[in-house]
Amino acid sequence: MNRIAKLAGLAGAGVTATALLAAPANAAPAHSTDGRPPVFVQTDDPAGNTVVAYDRTDTGSLVRAGSYATGGLGGVLGGSVVDHTASQGALAYDSESQLLFAVNAGSNTITTFAVHGDRLVRRQVLSSGGSFPVSIAANGDLVYVLNARDGGSIQGYLRVGGLLVRVPQWHRSLGLDPQQTPEFTSTPGQITFAPGGHRLLVTTKNGANSIDVFRVGLTGPSATPTVNSLPGDVPFSVSYDRAGHVDVAEAGPNAVATFTLNPDGTLAPLDSSGTGQAATCWIVSVDGHLYLSNAGSANVSRYAVADDGALTALGTTATDAGTIDAAASADGQFLYVQAGGQGEVDAYRIGGDGSLTPVGTVTVPNAVGGEGIVAL
């Protein structure tokens, strides 16, 4: 209780005893009624953001199971076409608490859902502590959101049981130029916990061409980040391979690059490879393979990544128009790729050699340009 009381003090007088003493949600295991893990897709609809739940069949195809309003609004960054938040991680799942987190870019809020198989129960709608939230990440008792506008910022929350408490002191500005255009490439793209959960990585895209690394713990984030400058690379999104390296989708040269994350927060380059495609912006790591979404080419680039970070190109796989955010199932068998042109999700079976075999496509209602996908 001493630790809880100390952290409650950080959150200010607005935190109630009920929130601090809330018991963990008694959520059922995150499987659909037929025993298969579900897939959740965010619409980012400016008229009312929604998370659509899908059941996964034996073949990996998707069957719609329900829709759940977030209680907030989607939003559209200036200049965007198929990727309205221009981000990775607009929807995130925490297996420990069995909570799903969504950003509501148009209303400057985040939503938490308790996950009961393929059913969601909305728990909270909270301020994002900034303007236009685009990415969210969870690790243990900590949750952080990335706000894209007004120069960019991050905001931290403490999870107590099944509820989040926003801690105003866990807010950090990124200091980007809010007037830089085009907006969708000049705003930050992702916030993510590094393996181990003690550091937060933020990609700034063309806003600063950097990856900012914050130390983080139960006392909050470091006052300032370690700034890793990548001139002209437009670092858009990040994943982590099985060796723990930082894998980056670079929209500037349309490339993928691997790095070692040093204890001091600096990034040491290992390898890089041009995809030869257009608008390489999103990245997923699956058991020794990397998948990069190329929005301008309507395909996914496939790579093998060795334990030393070396990259081997394996070719491309076609998708529907506007290839954007993607997620792999927890068992590594399937990849689900959002195609923002028509608001679709393309499903693929992942082969042992990294190949992708199409197994079906669904159209998500009111999700043209929407981003945010989680596969359990």
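Two residues are in contact when heavy atoms lie within 4.5 Å of each other. By that criterion, in this predicted model, H84 touches D44, G75, V76, L77, F132, V368, G369 and E371, with residues up to four places away in sequence not counted. H84 sits in a loop. The strands on either side of that loop are β3 (62-69) and β4 (91-94). The relative accessibility of H84 is 12%. Buried means under 20%, so H84 counts as buried. The H84 side chain also reaches the backbone oxygen of V81, at 3.3 Å.

G252 was examined next. This residue also belongs to a loop, between β18 (246-250) and β19 (255-261). Its relative accessible area is 38%. The cut-offs are under 20% for buried and over 50% for exposed, so G252 is partly exposed. Once neighbours within four places in sequence are left aside, G252 is in contact with G232, D233 and V234. L126 lies 126 residues from G252 along the chain. The C-alpha atoms of G252 and L126 are separated by 34 Å.

An open sheet is built from 4 strands. Their order is β25-β26-β27-β28, and the pairing is antiparallel. The edges are occupied by β25 (323-328) and β28 (356-363). Each edge strand has a single partner, so one side of each is left without a neighbour in the sheet. From one strand to the next, the twist averages 25°. Within this sheet, β26 covers residues 334-339 and β27 covers residues 344-350. These two strands pair over 6 bridges, in the antiparallel sense. For L335, the bridge partner in β27 is Y348.

The largest pocket has a volume of about 1,000 Å³. Its lining comprises 33 residues. Nearest the pocket centre lie A92, Y93, Q190, T192 and A328. Several strands contribute to this lining. At least two lining residues come from each of β4, β8 (133-139), β12 (190-193), β17 (235-240), β21 (280-286), β25 and β29 (373-375). Two of these strands have already appeared. Strand β4 borders the loop that holds H84, and β4 supplies at least two residues of the pocket lining. Strand β25 stands at an edge of the open sheet, and β25 likewise supplies at least two lining residues.

How values were computed. Residues are numbered from 1 along each chain as its sequence is written. This is a predicted model: local features need pLDDT of at least 70, side-chain atom pairs count only at pLDDT 80 or more; totals for chains, interfaces and linings use all residues. Side-chain values use heavy atoms; hydrogens and water are left out. Buried means under 20% relative accessible area, exposed over 50%, partly exposed in between (1.4 Å probe, protein chains only). A polar contact is a pair of N or O atoms within 3.5 Å; within protein, one must be able to donate a hydrogen and the other to accept it, and residues adjacent in sequence count only if both atoms are side-chain atoms. Two strands pair if DSSP finds at least two bridges between them. Axes are lines fitted to C-alpha atoms, for helices over the stretch in contact, and angles run from 0 to 180 degrees between N-to-C directions. On a 1 Å grid over the protein atoms alone, a cavity is a set of points where a 1.4 Å probe fits but cannot get out, and a pocket is an open set with protein on both sides within 12 Å along at least five of seven lines; lining residues have an atom within 4 Å of a point. Grid points are joined across faces, edges and corners, and a volume is the space filled by probe spheres set on the points.
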